[in-house]
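Colleague: I've got a few "how do you know" questions about this fold. Can you walk me through the model?

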Amino acid sequence: MDSVIMGRVVTPEGTHSGWVAVRGEKIAEIGAGAAPSAATVVDYGDSLILPGSIDGQTHATNSKGLVGFAPASASALAGGVTTIVDMPYDMPLPLDIPERLAAKISAVAAHSLCDVALYATVTKESGLDHVEALIEGGVVAFKISSFESSPVRFPRIDEALTLDLLEKLVGRDLPLGLHNEDQEIVRSRTAKARAAGRDGIGAHSDSRPLAAELAATGQFLALGQAVGAHAHIVHISHEEGFAQVGAFAGIGAPVTGELCVHYLCFDPAHDGDLLGARMKVNPPIRPDAIDGLWRALECGTVAFVSSDHASWPIDNKLAVSIYEAGAGIPGLETLVPAFFSAAQARGHDAARLTAEYLAARPARFFGLSGRKGALAPGLDADFCVLEQGEFIWDAAKAHDGLNWSPFDGRRFDVRVAATWLRGKPAWNGSQILLSQGNGQYLRRHGLGWFPTH
């Protein structure tokens, strides 16, 4: 073997003291007891060895364009994330044509330290003209929005084009994700809140009410039901949204819903005074929602958990009004420790749940399970090594080039002691060991969430 790493190995069958043997870029064997001989042996002692995490929702290129893959992917590796799935916005132009897909793939090859899969989108200008070419180009999913944050960068797609796109994707086992907020409701309620002089993070949820989220979610899931295409909600902020997903799934519709880790960790009623706009995301983090979201996860309605990492500098948050402050937070480096710690606090087997919701499930969802998502022979030798203890997150030491976070000063129950990417040490707990260009573009292949063949 080229390498053997030893520790407490986390597999779907359970956690045991043992070893993982690596040959080339792949896992060759997993076992307990005497390990095979290898050129390199690393013993991580009592630390947990999990599959490398897959962050299924990132915006790596928000503020820096395509070169933003470099700091984002460095942050990913420092956070135990070996694959990111990047959204189709913020190139700064949306990824709706083959030329922009080619440019983004080239940027991954030139700048990324970790592996990258890509979402694509459609716009009113491109329509369905390039969907086939984008699928042939290997994109793992499509995403659209029912709310227009920017007419160019992040446009609203109307229901007619949404239906056309869903029909185009029928039978392809390729999800269409939605940013789920009703534009008319949000704009009306925001105007009312501003007219009433309401401001601050406490007003943010009311200005983008749960009704707006549920209305957009329900209509989109109904369109997916009508045509039999995979309709996916990319961030649900409340248990009621997952109840909608469960209800549609119960009548046979191919639908799923995703949870972002910050919805499990913050509550504006408790954290709003301290964090203010630093915890502003869309849809909003809602008061008293955490228990219900855990119920949804515990009953299996949550497809997987992501970070929705946004690579905006802190200046984006420093507006006079909450309505002018930018939405989105950094999250690549805190995804694994935040989810693990939240799961452990609720009495779960946090190692198993982390491996399932941050690796196995997103691998299956994005058609990557032939390479990623578990510790098993034949899969990529991607590892996230977690040291247990008490660790305070210091955002000033992050590797994302942003160095701020709503998690700053939070206590986590684990830290990422090491990360391996395809058989290579990538992070040793204090420094990044790989350089730009080590990341690979990952094409969708194999069966996904709703296999059609």
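Modeller: Sure. One definition up front: two strands pair if DSSP finds at least two bridges between them. And keep in mind that this is a predicted model.

Colleague: Then what makes S9 and S10 a pair?

Modeller: Strand S9 (residues 176-179) and strand S10 (residues 231-233) are joined by 3 bridges. The cut-off is at least two, so they pair. They run parallel, and Leu 176 has Ala 231 of S10 as its bridge partner.

Colleague: What is the order of the strands in the open sheet?

Modeller: There are 9 strands, in the order S12-S11-S10-S9-S8-S7-S6-S5-S13, with parallel pairing.

Colleague: Why do S12 and S13 count as edges?

Modeller: Strand S12 (302-306) and strand S13 (309-310) each have a single partner strand, so one side of each has no neighbour in the sheet.

Colleague: Which helix lies across S6, S7 and S13?

Modeller: Helix H1 (residues 69-78), running at about 135 degrees to S6. Helix H13 (residues 350-365) packs on the sheet too, touching S5, S7, S10, S11 and S12.

Colleague: Why are H7 and H8 called roughly parallel?

Modeller: The axes of helix H7 (residues 210-227) and helix H8 (residues 239-250) cross at roughly 15 degrees and come within 10 Å. Angles under 35 degrees count as roughly parallel, so the label fits. The crossing is right-handed.

Colleague: What makes up the contact of H7 with H8?

Modeller: The residues divide into 5 nonpolar, 5 polar and 1 charged. Among them are Leu 214 and Leu 221 of H7, plus Glu 240 and Phe 248 of H8.

Key: Residues numbered from 1 in each chain as written. Predicted model: local features only at pLDDT ≥ 70, side-chain atom pairs only at ≥ 80, totals over all residues. Heavy atoms only, no water. Helix = DSSP H or I, 4+ residues; strand = E, 2+ residues; numbered from the N terminus. Contact = heavy atoms within 4.5 Å. Axes fitted to C-alpha atoms, helices over the stretch in contact; angles between N-to-C directions. Parallel < 35°, antiparallel > 145°, perpendicular 65-115°, else oblique. Left-handed = near helix turned anticlockwise from the far one by under 90°. Nonpolar A, V, L, I, M, F, W, Y, C, P; charged D, E, K, R; others polar.
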